[in-house]
Amino acid sequence: MNIFAGVARIVHVSDLHQQVDWGRRSFFSTGWRGAPGRFELHGMGRLARFEGVQARLEQLVEELHAHAADHLVVTGDVSALGHEDEVGQVEELLRPLLSAGRMTVIPGNHDRYTDTPAARVFERIFAPWLTSDLPELAVDGPYPFVRLVGDSVALVGLDSTRVSGWSHYFVGRLGQRQLDAARAALAHPRLVGRTAFILSHHGPVGPSGRFDWIHSGLLDAAALLDLVKEHPAVLLHGHSHERFWHRADHQRPHLIGAGSSTEKGREGYWVVEFDDHRALEAHAYMPGRKRAR
Ligand SMILES: [Fe+2]
Ligand SMILES: [Fe+2]
């Protein structure tokens, strides 16, 4: 832990998009629910962009083990289609970090593509790691969950995939109940004096710093921004495969989008070093190399 040195460090990865051999599986094997996702994979080039993802994922995880981080965070889209084989493979790969209490993972929209509300594949497979230090605040399955890290950090994990049917292909939503519960978590006495990191797959803005449908798509983006502004908090998110950091200003806190950590040619992640929610520096890393910038 670096907390004793006055600076804490969080490693932020996202959008791993582990995929199985979809090229060899029938288009109909994923049913009507997975049809748009299969079209995106085969017809829009996503399968090729994540070709060989297993090897990049293994290299990434090996590198994550070596980081002297206080905690590691994965902000969703661990899989291409939310198939249990994909989600299971990622969980297995991350298990040593998860079981050591070094890592926190939330779901993304891709983790729902072939899922059903009854199956909740992500929650079933990651169940041992979705626990909360404030379980009484969970209002939607395990969300929001709170993890207290060391003496100075708190993580608030959200599920921004609360939309129905195929709309998760286009938009995300946290919902009022989850936002209210997250507000209660941030105001909780056990979080006083800690820097809170809010984890959401969808972020409130895109690379431009403004809302856009492709890179954000979060229907309650304004409410999430309000929530983060009111507290000593930093927002870590995924979904956009661009990697960007919007520094805190007088109107909003630090917003950090991890980008995809495994997309071919765009791999990377952030190492976030901070004294508190304002005094923060984020450094982009590429797997196998030192800082990218
Ligand atoms: Fe993604
Ligand atoms: Fe996404």
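In the predicted model, Arg120 lies in the loop that connects β3 and α5. The phi angle of Arg120 is near 45°, a positive value in a residue other than glycine. Most residues other than glycine have a negative phi, and most peptide bonds are trans. Arg120 is partly exposed, because 17 other C-beta atoms lie within 10 Å, a count below the 20 required of a buried residue.

A positive phi, of about 55°, is also adopted by Asp77, again not a glycine. Asp77 belongs to the loop between β2 and α4. With 27 other C-beta atoms within 10 Å, Asp77 is buried. A further backbone feature is the peptide bond between Tyr143 and Pro144, which is cis, with omega about -10°. Pro144 is situated in the loop between α5 (121-125) and β4.

The protein chain contains seven helices and eleven strands. Its radius of gyration is 18 Å, close to the 19 Å given by the globule rule for 293 residues, so the chain is as compact as a globular protein of that length. The C-alpha trace spans about 55 × 40 × 35 Å along its principal axes. Of the 293 residues, 49% count as buried. Among contacts between residues at least 6 apart in sequence, 69% join residues at least 24 apart.

Strand β2 (residues 71-75) is mostly covered, five of its five residues being buried. In a regular strand the side chains alternate between the two faces of the sheet. Both faces of β2 are covered: His71, Val73 and Thr75 are buried on one side, and Leu72 and Val74 on the other. Strand β2 pairs in the parallel sense with β1 (residues 8-13) over four bridges, and Val74 of β2 is the bridge partner of Val13. Strand β2 also runs parallel to β3 (residues 103-106), to which four bridges join it; here Leu72 has Met103 as its bridge partner. Together with helix α4 (residues 84-99), strands β2 and β3 form a right-handed β-α-β unit. The loop that carries Asp77 connects β2 to α4.

Helix α6 (residues 176-186) has buried residues at Gln178, Ala181, Ala182, Ala185 and Leu186. Viewed down the helix axis, the buried residues of α6 fall within an arc of 140°, so they line one face of the helix. The elements that cover these buried residues include the strands β4 (145-149), β5 (153-157), β6 (195-200) and β7 (233-237), together with helix α7 (221-229).

In soluble globular proteins, nonpolar side chains tend to be buried together. The largest nonpolar core of the model comprises 74 residues, of which Val156, Phe197, Ile198, Leu199 and Ile256 touch the most other members. Apart from residues up to four places away in sequence, Ile256 touches His12, Val234, Leu235, Leu236, Trp245, Trp270, Val272 and Ala282. Among these contacts, His12 falls within β1 (residues 8-13), whereas Val234, Leu235 and Leu236 fall within β7 (233-237). Strand β7 is in turn one of the elements that cover the buried residues of α6.

Conventions. Residues numbered from 1 in each chain as written. Chains lettered and ligands numbered in written order. Predicted model: local features only at pLDDT ≥ 70, side-chain atom pairs only at ≥ 80, totals over all residues. Core = buried A, V, L, I, M, F, W, Y, C linked by C-beta atoms within 7 Å. Buried ≥ 20, exposed ≤ 12 C-beta atoms within 10 Å, placed from the backbone. Contact = placed C-beta atoms within 7 Å. Helix = DSSP H or I, 4+ residues; strand = E, 2+ residues; numbered from the N terminus. Rg over C-alpha atoms; globule rule 2.2 N^0.38 Å. Pairing = 2+ DSSP bridges. Right-handed = clockwise from strand over helix to strand, strands pointing away. Arc of directions from axis to C-beta.
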